[in-house]
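Here is a short report on selected features of one protein chain. Keep the sequence and the 3D view open while reading.

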Amino acid sequence: MAALAKKDTDKLERVYKFGKNEIKVTHPNKIYFPKEKVTKGDVVDYYVSMAGYILPYLKGRPESLLRNPSGITGKGFFQKDAANDTPSYVHCKQVFSESTQKEVNYIVCDNIETLVYLNNLGCIEINPWHSTTKALDKPDYLMIDIDPSDNNTFEQVIEVALMVKAICDKAGADCYCKTSGASGMHVFIPTAKKYTFDQVKDFAYLVCMMVNEELKSFTTLERNLSKRNSKHIYMDYLQNRRGQTIASVYSLRPKPGATVSTPLLWDEVKPGLSPKQFTIYNTLERVQQMGDVFKGVLGKGINLKKCLENLEQVHE
């Protein structure tokens with residue numbers, strides 16, 4: 001990665017330089033997180049400091065841009081198509097959308113310049129696809145989104161995550177967890193582009209069904225809010241579809257506290273854990289001390305056939 005040169009030309013603009021590329025960040029002193037007094041410039045600086053850790057999870061992946069140009073108190077919006085004046089260092093990929101029946105020109109975050117460019121657009125949160133442009137229909141991982149209601153405790157979220165881990169252990173499937181940066185947790189299983197989205201979705205569904213069997217009193221697979229018990233945690237396996245996105249590991253979230261979606265060791269997933277522990281202020285130090293504990297997600301994928309056989313034996 002090229003050395004960074006940063007300077008404020010005035011209060012309305014800051015220039016970041018990476019090699020020959022200069023990226024202008026406008027209004028770096030704009031407050032994004034009012035209570036914490038975290039500015040747009042602070043957000044950019046966070047991502048620059050974390051680029052070496054987050055970029056492996058972004059490279060080659062189309063991005064759905066969640067833009068919050070007015071900070072967390074303003075109304076955010078999603079954008080998929082890249083602007084016509086996108087700089088040359090920003091790579092793009094045209095992908096046909098079946099829902100809109102048209103080509104979408106997605107930004108692909110392959111370098112630190114693009115990361116800063118996205119931050120300048122107001123992207124506090126970074127949302128990559130589960131698959132890369134090399135194999136859009138074959139994800140690198142499957143994920144289970146443990147999504148609590150307002151009436152659930154984080155202790156219950158932890159209990160669900162540990163049950164997912166227990167089922168994965170029975171299947172012989174390596175799995176990794178992270179905080180969502182909000183109220184839930186995400187569990188990832190590496191699949192290494194070996195299977196289609198339908199195949200990994202079906203396996204995620206099976207795992208969620210087995211967890212629900214064990215924790216029926218406060219978990220559900222019911223997606224429809226009007227039909228869902230308001231005291232149940234939703235186990236979302238439907239994230240495993242082409243074009244779906246989730247906040248990346250190490251991504252800031254546009255939430256009070258300037259929290260970060262942070263990977264955890266499984267022995268950290270225990271009562272007393274809180275997603276509020278992991279913020280813009282301490283994530284870099286944590287990863288510098290611990291290393292990237294999430295890197296296995298991009299490693300050797302599971303043997304899905306063997307995992308299914310293992311679970312079948314458990315239920316015999």
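## A hairpin and its second partner

Strand β12 covers residues 176-179, and strand β13 covers residues 185-190. The two pair in the antiparallel sense, over four bridges. This is a predicted model. Tyr176 marks the register: Phe188 in β13 stands opposite it. Together β12 and β13 form a hairpin, with five residues between the strands. Gly181 sits in the turn and has a positive phi of about 90 degrees.

β12 also pairs with strand β16, residues 263-264. That pairing is antiparallel and rests on two bridges. Here Lys178 has Pro263 of β16 as its bridge partner.

## An open three-stranded sheet

Another sheet is open and holds three strands, in the order β6-β10-β9. Its pairing is antiparallel. The edge strands are β6 (62-63) and β9 (91-97). Each has a single partner strand, so one side of each is left without a neighbour in the sheet. Strands of a sheet pair through backbone hydrogen bonds, either parallel or antiparallel.

Seven bridges join β9 to β10, which spans residues 102-108. Within this antiparallel pair, Lys93 stands opposite Tyr106 in β10.

## Helix α2, enclosed

How many of the nine residues of helix α2 are buried? The count is nine of the nine, so α2 (residues 112-120) is largely enclosed by the rest of the structure. The buried set runs over Ile112, Glu113, Thr114, Leu115, Val116, Tyr117, Leu118, Asn119 and Asn120. Charged and polar side chains are thus listed alongside Leu115 and Leu118.

What do these buried residues pack against? Their partners are the strands β2 (13-18), β3 (21-26), β4 (31-33), β7 (65-67) and β10, plus helix α1 (40-54). β10 therefore has two roles here: it belongs to the open sheet, and the buried residues of α2 pack against it. Just after α2 comes Gly122, with a positive phi of about 100 degrees.

## Glu125 in the following loop

Glu125 lies in the loop between α2 and β11 (141-147). Is Glu125 buried or exposed? Its relative accessibility is 6%, so Glu125 counts as buried.

Two side-chain polar contacts involve Glu125. One joins Glu125 to Arg253 at 2.6 Å. Another joins Glu125 to Asn127 at 3.1 Å. Leaving aside neighbours within four places in sequence, Glu125 is in contact with Tyr47, Leu66, Ala247, Ser251, Leu252, Arg253 and Pro254. Arg253 thus appears in the contact list and as a polar partner. Thr86 is 39 residues from Glu125 along the chain, and their C-alpha atoms are separated by 19 Å.

## Cysteines without disulfides

The structure holds zero disulfides. Why does Cys123 not form a bond with Cys109? Cys109 has the closest cysteine sulfur, but that sulfur is 9.5 Å from the sulfur of Cys123, too far for a bond. The cut-off for a disulfide is 2.5 Å between sulfur atoms. Cys123 is buried, with a relative accessible area of 2%.

Cys307 is in no disulfide either. Its nearest cysteine sulfur belongs to Cys168 and is 8.1 Å away. Cys307 also counts as buried, at 2% relative accessibility.

How values were computed:
Residues numbered from 1 in each chain as written. Predicted model: local features only at pLDDT ≥ 70, side-chain atom pairs only at ≥ 80, totals over all residues. Heavy atoms only, no water. Pairing = 2+ DSSP bridges. Buried < 20%, exposed > 50% of the residue type's maximum accessible area, 1.4 Å probe, protein only. Contact = heavy atoms within 4.5 Å. Polar contact = N/O pair within 3.5 Å; in protein donor to acceptor, adjacent residues only side chain to side chain.
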